[in-house]
Amino acid sequence: MDDAYKTSGGLTEETLDPLDWGDVQAVSHRVIDDAVDYLRDVRDRPVWQEMPANVKDVFAASLPRSPSSLAAVYGEVSRTVMSYPMGNIHPRFWAWYMGSSNFTGALGDFLAAIQGSNLGGGNHAAGLMDSQVVNWCKEMLGFPASSSGTLVSGGSMANIIGLTVARNTKAGIDVREHGVAGIEKPLRFYGSDQIHSCHRKGMEALGLGNRALRRIPTDAGLRIDMAALRAAIAEDRAAGFRPACVIGNAGTVNTGAIDDLRGLAKLAHEEGLWFHVDGCIGALIALAPRNKHRVAGIELADSIALDPHKWLHAPFEVGCALVRDAAAHRSAFAVTPEYLESTPRGLASGEWLNDYGLQTSRGFRALKVWMALKQHGADKFGRLIDQNIAQAGYLADLIEAEPLLELASPPSINIVCFRYQPGLAGQALKALNTEIMLLLQEQGIATLSDTTVHGEHWLRVAINNHRTRSTDLELLVREVTRLGRQVAAGGFRREQ
Ligand SMILES: *Cc1c(COP(=O)(O)O)cnc(C)c1O
């Protein structure tokens, strides 16, 4: 216990702080130097690599009871965790849908942890910054300043916040007091058949159940079919349900399709429904000068979920829920127990930020977003969004120019679905493309994911990455065709 000391009262006390900060300072400088190198050289490393057994073993070790030096702890982290990343900060990571982080944001997370504030609320600077970042999100989307919002763990939680306010507002009873069992007519929510899986989790968690979310068919562009939506609402009313909420997609996860947001706003208004927009992918397109017209109408929503850890490239995690009717938002969550009552002055004066969501303690997520927005300016993020959308168009052109590749459809934003097509069909074609996708990962070349669109299997490239260059996309096309030829020639068809 070299950090223990004797008190004047004769007690032995210890703390997590070192008695000598010099050592901490030296290790910390090394951590920062290594971190800068790590990002500077990210392009030279494989996107992803399988962990060897001796690395996996490290994470099976049991609880450490005795101390190690900070330098030794950092050394182990450096050899294990830092050496085998998911890869989403790499310029050729295009799987699923995530941002690629940024150094300033990482510094923000570090400083937030150093300050250590709890953003449950209170009268302190971090609280004001948290509210300011929410206000900046409203500004980026053209949402009214009078609306409310909260920073949450991500888009899933942001959607659940919106759906909760929708349920409580449209239930016709006091759901908080009586629960969903007290709702007279079962509520119905609507979204397209392309809706993200988090809405299902949300419906389940809200006690409404998966079946209360009606999946409406989509058109050829995978946008919600408005006539089918109207018909479903009428059918439900006639059958004794209470249509409560329509969820619009500003960018679907499969293909980036953007529903007719203006049309949905009008329909919701006419039918008396809550209009929630899942803007986890596309809400921030409102910042992008060349593409913002694509999400026009988003500002008409009753609530919006957006995801700064996607197109603002904030380090995980940070999502944001915005709600037009601030009073409805607050009354869906606020509880003031005696130990959280406000005082007229001092630290506990003012509103509690945790009155706008489910968490009591909240992390200081705002700082990483704030610092990156201040440093680069919001306009740069808008240009980077335009850049990714243009890159998706470029990749689609490259795919169309290559006879062995097939494009699913022209990309609507930054998601490109395609496959290697040597004249196969069905399971054989799916197996061949799955093998190409896995080889791309295992050889550390690129990380893609796959999906099913209109019943067909496709490789999927989501370019949400400020490090991607056109040359990376050229390399992808070359490597997919090389691996495709190799796999097909290797007797792959016979094995299937
Ligand atoms: C990513 C995403 C979500 C979920 O957001 P998380 O930040 O992963 O929780 C929801 N909807 C869409 C359309 C998404 O792309």
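Tutor: Contact here means that heavy atoms lie within 4.5 Å of each other. Keep in mind, too, that this is a predicted model.

Student: Thanks! With that in mind, which residues does Phe275 touch, not counting residues up to four places away in sequence?

Tutor: Phe275 is among the residues with the most contacts inside the largest nonpolar core. Once the residues up to four places away in sequence are set aside, its contacts are Val246, Gly248, Leu261, Leu264, Ala265, Ala268, Gly297, Leu300, Ala301, Asp302 and Ser303.

Student: How many residues does the largest nonpolar core have?

Tutor: In soluble globular proteins, nonpolar side chains tend to be buried together. In this model, Leu229, Phe275, Leu284 and Ile285 have the most contacts inside the largest core. Helix α5 (residues 125–141) gives the largest share, eight residues. The core's full count is 67 residues.

Student: Which domains does this core lie between?

Tutor: We can reason from who contributes to the core. Both domains give residues to it, so it lies between domain 2 (117–363) and domain 3 (383–491).

Student: And how many residues are in the other core, the one with Ala396 and Tyr420?

Tutor: That core lies apart from the largest one. Its members include Ala446 and Val477 as well, and its count is 30 residues.

Student: Let's turn to the sheet in the order β10-β11-β13-β12. Why is one side of β10 and of β12 left without a neighbour?

Tutor: The four strands form an open sheet with antiparallel pairing. β10 (405–407) and β12 (449–453) stand at its edges, so one side of each lacks a neighbour, because each has a single partner strand.

Student: By what angle are neighbouring strands of this sheet turned against each other on average?

Tutor: Direction is ignored for this value. On average, the turn between neighbours is 45°.

Student: Which helix packs on the sheet?

Tutor: Look for a helix touching β11 (415–420), β12 and β13. Its direction makes about 115° with that of β11. Those features point to residues 426–442, helix α15.

Student: Which residue in β13 is the bridge partner of Asp450?

Tutor: β12 pairs with β13 (residues 456–462) in the antiparallel sense, over five bridges. For Asp450, the bridge partner in β13 is Leu459.

Student: Which of the two is buried and which is exposed: His313 or His454?

Tutor: Each has a positive phi without being a glycine, about 55° for His313 and about 50° for His454. His313 lies in the loop between α11 and β9, and His454 in the loop between β12 and β13. Buried means under 20% relative accessible area and exposed over 50%. At 1%, His313 is therefore buried, while at 56% the exposed one is His454.

Student: Which residue does a cis peptide bond join to Phe316?

Tutor: Omega of that bond is about 0°. The partner is found in the loop between α11 (308–311) and β9 (319–323). The bond joins Phe316 to Glu317.

Student: One last helix: how many of the 16 residues of α6 are buried?

Tutor: α6 (residues 155–170) reaches 22 Å from its first C-alpha to its last, close to the 22 Å expected. Its buried residues include Gly155, Ile160, Leu163 and Arg167. The helix is mostly covered, and the number buried is twelve.

Conventions: Residues are numbered from 1 along each chain as its sequence is written. This is a predicted model: local features need pLDDT of at least 70, side-chain atom pairs count only at pLDDT 80 or more; totals for chains, interfaces and linings use all residues. Side-chain values use heavy atoms; hydrogens and water are left out. Two strands pair if DSSP finds at least two bridges between them. Helices (H or I, at least four residues) and strands (E, at least two) are DSSP runs, numbered from the N terminus. Axes are lines fitted to C-alpha atoms, for helices over the stretch in contact, and angles run from 0 to 180 degrees between N-to-C directions. A nonpolar core is a set of buried Ala, Val, Leu, Ile, Met, Phe, Trp, Tyr and Cys residues joined through side-chain atoms within 4.5 Å. Buried means under 20% relative accessible area, exposed over 50%, partly exposed in between (1.4 Å probe, protein chains only). Domain bounds come from an automatic or database domain assignment. The expected span of a helix is 1.5 Å times one less than its number of residues.
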